[in-house]
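Biologist: Please take one part of this predicted model and go through it closely. I would like to hear about the sheet and what lies around it.

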Amino acid sequence: MIDTLRLTAEGAMGLLERGELSAGELHAAYLGAIAELDGELHCYLRTSEEPSGDGIPIALKDVISTKGIETTAGSRILSGYTPVFDATVAARVKGAGLSLLGKTNTDEFAMGSSTENSAWGPSRNPWDPARVPGGSGGGTAAAVSAGLAPWGLGSDTGGSIKQPSALCGNVGLRPTYGTVSRYGVVAFASSLDQVGPVARTVRDVALLYSIVAGRDPLDSTTAELPEAVQLPEGDSLAGVRLAVPKQVGDLDAIEPGVRAAFEASLERARDLSAEVGECDLPLSYRYGMPCYYLVAPAEASSNLARYDGVRYGLRTPASAYDEMVEETRDDGFGPEPKRRIMLGTYALSAGYYDAYYGQAQRVRTLLIREHRDALEGFDAIVTPTSPTVAFPIGDKAADPLAMYACDLLTIPSCLAGLPGLSIPCGLSDGLPVGLQLIGRQFGENGLFRIGHAFEQAIGFDTVPERLR
Amino acid sequence: MSWEPVIGLEVHVHLKTRTKVFCRCPVGFGAGENTQTCPVCLGFPGALPVINRRAVEWTIKLGLALGCEIAQHAVFARKHYPYPDLPKGYQISQYDLPSCINGKMLLPTAEGDRVIGIVRAHLEEDAAKTIHVGGRSGRIGGADYSLIDFNRGGTPLVEIVTAPDIRSADEARRFLQLLRQTVVELGISDAEMEKGALRVDANVSVRPTGSDELRTRTEIKNMNSFNFIARGIEAEVERQIGVWDSGDEVRQQTYDFDAATGTLTARRSKEEADDYRYFPEPDLVPVEPPADLVEALCAELPELPAERIRRLEAALDLDRATVLVTGGLDRLWGETVAAGADRTAAANVIANALVGAGVDLGAVSPAELAKLVGARDRIPRTAFDEAIAKLGDPGFSAEPYLTQEAVADSAELEPIVARVLEANPGQVEAFRNGKQGLLGFFVGQVMKETDGKANPRVVSELVRSRLEA
């Protein structure tokens, strides 16, 4: 009997290598778990009945193009769209022998923080199915926590990997912008989108990152990693310097339970001989959100222009071309993409460009500088990942601004292009709290070392209490 | 009041790179519909562009040939407009930071070089081709349905924008001839208008002569030959002068020129101005060509057509020099003259007879051509024409034609001349009333009567002496 709730990817690899288990049996075990739990959790939009490789199974967020397998990005407008090509990351995991378990649920075009914006219905949090798993990558995060996949790939624009990992109690990495190819990943906001791994341990995250990262000739914005990925070992934080942004103390949005778990983690770090200091990110917390909500919708309005019903996906028939496009887009896009298309179109309009998109880009340059300065003399910036634990389904669905505020803490470093790792650091009212570690550009190895040491010290049980 | 035209041109040139500008699909004309496509040029979700290095180098090369500054930091931008031939909903182009800026082209004229400013030259992708079926005039409005061929989508295109420095339709034509010859000689484009590899839009306004104001301009599109462009500009200049003279105002408008009727048709004006919502293309990195690359490309530039016209002008005259150079004929001319031919006679034979006969210029032996040029007045016209037509044949020798003699005997030709003049009393009358151009007509008639064996120079003298008697 394979315990998919406890089996790590590394552990599964050992079983396969020692011949104690076949890839087929492993795949079947996860399909069994999916059959048992996914009716309730709705992590998967599609599953693959047969293993496609002889290695570990993997779940891919539905924004990642998979050749021959429908890819909808959580949107009705892409219903029936079957890519004729693999995204580079899909090709890389296939090339490493990984076996595709299925495509996981996401907010439509990765726009959201709860998966409630998925055209195909929300996913649910394995710790409490009445609550959201976070988003947009809630499907992948919930699947990993519920033992429906050992690991998976998500995509992160303003927090879509880190925040669901925090809310579901597992480990998620948003890599340095440019280290993982975006080729074949349905675009939301091109200058921010990054693919990254989600797993139950920091080592598994590092391992999956090593498989997908590195320059891709098909994505001009990628770079070669300056150093090979190192699997972290050891549990010491001696010599590690952590910085807490001054502003975090004043953020009322952070729930007391989250703050308590965060502060306990800082205590733990000091116990492990880390040095905990303070840094200053005034512009980041003041202007990060507004900046993000100009840049991301502007790019989204452009990236979503291609969905016109002409070549693929949904088409609502009409008597003339213009009408067909209008009807298709009206039927195909849900409220959140429509909202962002309107915001973004406005921000890019003649006469408004300088005041909005242009200004946001200048602010972004300041945030990059501010983060670089803040990291002078520190190895990582630490904050809670999400200001709250998982919230009840429907709680924020009617209030876009409340939903946007979920990403308050994850957005600034995304705008700065920096890597961020979320690890579980404790519980608040029985729900997981995430700790966010932000590193320098290409500083993933450092984050893995620190995250791994924390993980050993905290000893968080990633299996949801109700499933133990 | 006298008026002065103010004309600026926007010229689009297809680059003949092996592959498209942002993907690896082959660039080609005439392949089966939608066979040269991929996820990138079809705008599939997640597909990303990658810049074609050669297209960038050729853009820089053209910029250098046009005397432009080459940007050390050029940026691609997205230009948004909804149209089914644009699969991403935006065209990747260059906007505020193009690859080439502030150039100029010298247009040799009898009064010295005219300087035509080049505002910019930038690289972009062509749209796909839409074919509207049914309805009127192949437009989308009223069509039964439309078909899209994405083969052309993503073909590299350089857009060259001139300053409003052009002052006549004829000058526009000469500028375009020189520009076309320049891109052809750079080896970056075939620049064939009939295949859409060179497209021109003209911005036209007029102003009182001597003033330096810029009045409202109109745009003329859809002109598919240099002659049509010149006619279209002429028609628009005339129309605008009429509008101002009648006390009205010229309105900003886009026109299509119909060459068949010589008329301009206003396009349906939009309710709002275009808003392309440009922003820097986040899927591409800036183009930052290293200085040594730009230097190397500069060193590869051949002697350019404008310079060669100036050089030839010293030996010939401006018009002939221009015709030879813009026709790509000057090298053959130089070799033919070196082989002993008279300069002017060689220029006339090459620019008229040889080009008219459709001979493969690369296969012509200058030595044989020089012999024919020398014998042109002596041998029968039929023999000369036949020899010219066969000049490109392998192993062609002029010798058999050189031994034939044209009929130059006045006694033999006089009666034929007399017959021709008697048969055409109307033309004789017209000639005597000053229509000197009819001389050629009479000579032609005599040549026809003699099966081309008469010496045209002798015939011409006979006709003239009879008519002027």
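Modeller: Strand E7 of chain A, residues 241-245, is joined to E8(A) by 5 bridges, and the two strands run parallel. Within this pair, Ala243(A) is found opposite Gly277(A), a residue of E8(A). In general, the strands of a sheet are paired through hydrogen bonds of the backbone, in either a parallel or an antiparallel way.

E7 and E8 belong to an open sheet of 11 strands in chain A, where pairing is mixed. Read across, the order is E1-E3-E2-E4-E6-E5-E10-E11-E9-E7-E8. The edges are formed by strand E1 (44-47) and strand E8 (275-279) of chain A; each has a single partner strand, so one side of each has no neighbour in the sheet. From one strand to the next, the twist averages 30°.

Helices also pack on this sheet. Helix H2 of chain A, residues 23-41, touches E1, strand E2 (57-61) and strand E3 (99-104) of chain A. The direction of H2 makes about 145° with that of E1(A). Helix H4 of chain A, residues 138-145, lies across E1, E2 and E3, and also across strand E4 (151-156), strand E5 (171-174) and strand E6 (194-199) of chain A. H4 runs at about 155° to E4(A).

Chain A also meets a second chain: 34 residues of chain A are in contact with 27 residues of chain B. On the chain A side, helix H8 (282-303), helix H9 (321-332) and helix H10 (335-348) each supply at least two residues. The largest share, 3 residues, comes from H8(A). By type, this side of chain A has 19 nonpolar, 9 polar and 6 charged residues.

Note on methods. Residues are numbered from 1 along each chain as its sequence is written. Chains are lettered from A and ligands numbered from 1 in the order in which they are written. This is a predicted model: local features need pLDDT of at least 70, side-chain atom pairs count only at pLDDT 80 or more; totals for chains, interfaces and linings use all residues. Two strands pair if DSSP finds at least two bridges between them. Helices (H or I, at least four residues) and strands (E, at least two) are DSSP runs, numbered from the N terminus. Axes are lines fitted to C-alpha atoms, for helices over the stretch in contact, and angles run from 0 to 180 degrees between N-to-C directions. Two residues are in contact if their C-beta atoms, placed from the backbone, lie within 7 Å. Ala, Val, Leu, Ile, Met, Phe, Trp, Tyr, Cys and Pro count as nonpolar, Asp, Glu, Lys and Arg as charged, and the others, Gly among them, as polar.
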